[in-house]
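Here are some notes for a colleague who is opening this entry without having seen it before. They are best read with the structure on screen.

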Amino acid sequence: MKKKLAAALLLVCLLFGFSACGGGDYIVDESKKLSSYEITAKFDEQTKTLEALETFKWKNDSGETLDEAVFHLYPNAFREDAVYKPVSEQDFTSAYPNGASYGGIEISSVTAGGNEVDFSVGGEDKNLLVVPLGRDLPPGGETVIEIKFTDTLPNAAHRYGYTDNNYSFGNWYPVLCVRENGGWVTTPYYSNGDPFYSVMANYTVSVTYPAWFTAAATGDFSVTKSGGAATFTSTALTVRDFAFVLSDKFKVKTAAAGETTVSYYYFDDDNAEENLRVAAEAVKTFGEMIGGYPYAGLCVAQTDFVYGGMEYPNLVYVASGLDDATMKQVIVHEIAHQWWYNLVGNNQAAHAWMDEGLTEFTTALFFKKNTQYSDEINFDKTVRTLERNYTMFVDVMESMGSADTSMNRAVNEYATEQEYVCMTYTKGTLMFENLMFSIGQNRFEKCLKRYFRDFRCGVATPDGMIESFQKACGVNLQGFFSEWLEGKVVIG
């Protein structure tokens, strides 16, 4: 998620396994169908670079015969000459407290099917790696692509970058673009929202780094040390992405949430025990409300981050410097994304309201159910505040000429970051709250369970979500969603 509340977030690390409340058999079953990434890497603290070899074992499930593969190169958004910057001008100082800094990814060689190939780096913003396969790959066919690459981290408080407190590796490796409607989905790294879209895959990742660092990462990982170096090796089955964070300042606390181990990595938090407790309660609450958490572990990592937090599978960033109430909200929000982003995917760039709006409302429901936090975060008060904020924003926009209140826009189609946040987070929360008020909380929670069951490990579309909700509650919801998404509903 990309939250416009405060400072920075870091990462939650999930250990693969099964939880009592969820049963993870479907994770293992699904993994047998998936492509896999095997990455071996070494991080150099002095140069802030990561040398890596990625072996991608591709199972062509596109239904088409293909002669090339196209990968996102997200780190190139941090190049000096990038067309699409990873942050807006208003957030530049917060993201780069020491001034402008640049990074990127360099591809040194590529092989496909065992043969070295003439790859190309292009796209709108040098954000794509195009790999010719040297043959036609039929539907259901398999091939192996090897990519040697070097990451260079910018000095940035971002998903990808370093500060005095941490080294963050989010969206750091070449990842296959989604194949859809006869083409590759090649969305650039827009500064609005989370411009990412990926499908489930299996990962085996091994990273070597200085022994004085502590690592938090996606997947079930173990650490070995030899001399002045440490290596974490992680296995992550059926996840939508892979990320990790390194820090020489991390302290670690753990708590149980059923059979799930929640680990909190932090460097500056006087309320670490309380925040760990909130994280564990979020896993339990969402497991009961939506569907069981199917992994054995979850890591929440504090990082220096320009926004409030960021979700990755089995790993979430939580920004440093947040006040107590905001910290709790961000932790819960990012953990909710383990359901509405990782386990149930969607095109975040095209339909941000689906994951961000539902995640934000699910977060509000957590606090409605866990009344011990009601003095700090009250459900009814939260809804009233969001209504007031939304109407104020729309009034200001109308006074300046016009206000587009539609929600069915891609992240780059919002005029400002404030408009994006208002129409996805704020209005999205109000939409789902209005739906719950209309059909009742019990039926609404049945909708969540049905939606989760229908699309877990897959990708949901707006029509798919609406149909799933309709089946669960027995009400025709097409008109309801259309009115909200098209901006026809008047609030306030």
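**Notes on selected strands, helices and residues**

1. A caution before the details: the model is a predicted one. Begin with the strands β9 and β10. Strand β10 covers residues 167-169, and β9 pairs with it in the antiparallel sense over three bridges. Within this pair, Y160 stands opposite F169 in β10.

2. The pair belongs to an open sheet of four strands, ordered β9-β10-β18-β15, with antiparallel pairing. Its edges are β9 (160-162) and β15 (214-217), each of which pairs on one side only. On average, and ignoring direction, neighbouring strands of this sheet are turned by 10 degrees against each other. As background, the strands of a sheet pair through backbone hydrogen bonds, either parallel or antiparallel.

3. Earlier in the chain, strand β1 (residues 36-44) and strand β2 (residues 49-59) pair in the antiparallel sense over nine bridges. S36 stands opposite K57 in β2. The two strands form a hairpin with four residues between them, where K48 takes a positive phi near 60 degrees.

4. Which other strand does β2 pair with? The partner is strand β8 (residues 142-152), and the pairing is antiparallel over 11 bridges. Here T49 of the β2 strand stands opposite T152 in β8.

5. S198 deserves a separate look. This residue lies in the loop between β13 (183-184) and β14 (201-210). Is S198 buried or exposed? Its relative accessible area is 15%, and buried means under 20%, so S198 counts as buried. A polar atom of the S198 side chain lies 2.8 Å from the backbone oxygen of R240. Setting aside neighbours within four places in sequence, S198 is in contact with V178 and R240.

6. R240 also appears among the contacts of V459, a residue in strand β25 (residues 458-459). Not counting residues up to four places away in sequence, V459 touches Y197, V199, R240, G345 and N346. V459 is partly exposed, because its relative accessible area is 28%, which falls between the 20% and 50% limits. As for its position relative to S222, V459 is 237 residues away in sequence and 30 Å away in space, C-alpha to C-alpha.

7. Turning to the helices, α7 (residues 417-439) and α8 (residues 441-455) have axes that come within 6 Å and cross at roughly 125 degrees. Why is this arrangement called oblique? Angles of 65 to 115 degrees count as roughly perpendicular and those over 145 as roughly antiparallel; the crossing angle fits neither, so α7 is oblique to α8.

8. The contact between these helices can be listed by residue. On the α7 side are F432, L435, M436 and I439, which meet Q441, R443, F444 and C447 in α8. By type, the residues of this contact divide into six nonpolar, one polar and one charged.

9. A last point concerns helix α9 (residues 462-473), which holds E467. With a relative accessibility of 43%, E467 counts as partly exposed. How far apart are E467 and Y451? They are 16 residues apart in sequence, and their C-alpha atoms are 8.9 Å apart in space.

Notes. Residues numbered from 1 in each chain as written. Predicted model: local features only at pLDDT ≥ 70, side-chain atom pairs only at ≥ 80, totals over all residues. Heavy atoms only, no water. Pairing = 2+ DSSP bridges. Axes fitted to C-alpha atoms, helices over the stretch in contact; angles between N-to-C directions. Buried < 20%, exposed > 50% of the residue type's maximum accessible area, 1.4 Å probe, protein only. Polar contact = N/O pair within 3.5 Å; in protein donor to acceptor, adjacent residues only side chain to side chain. Contact = heavy atoms within 4.5 Å. Parallel < 35°, antiparallel > 145°, perpendicular 65-115°, else oblique. Nonpolar A, V, L, I, M, F, W, Y, C, P; charged D, E, K, R; others polar.
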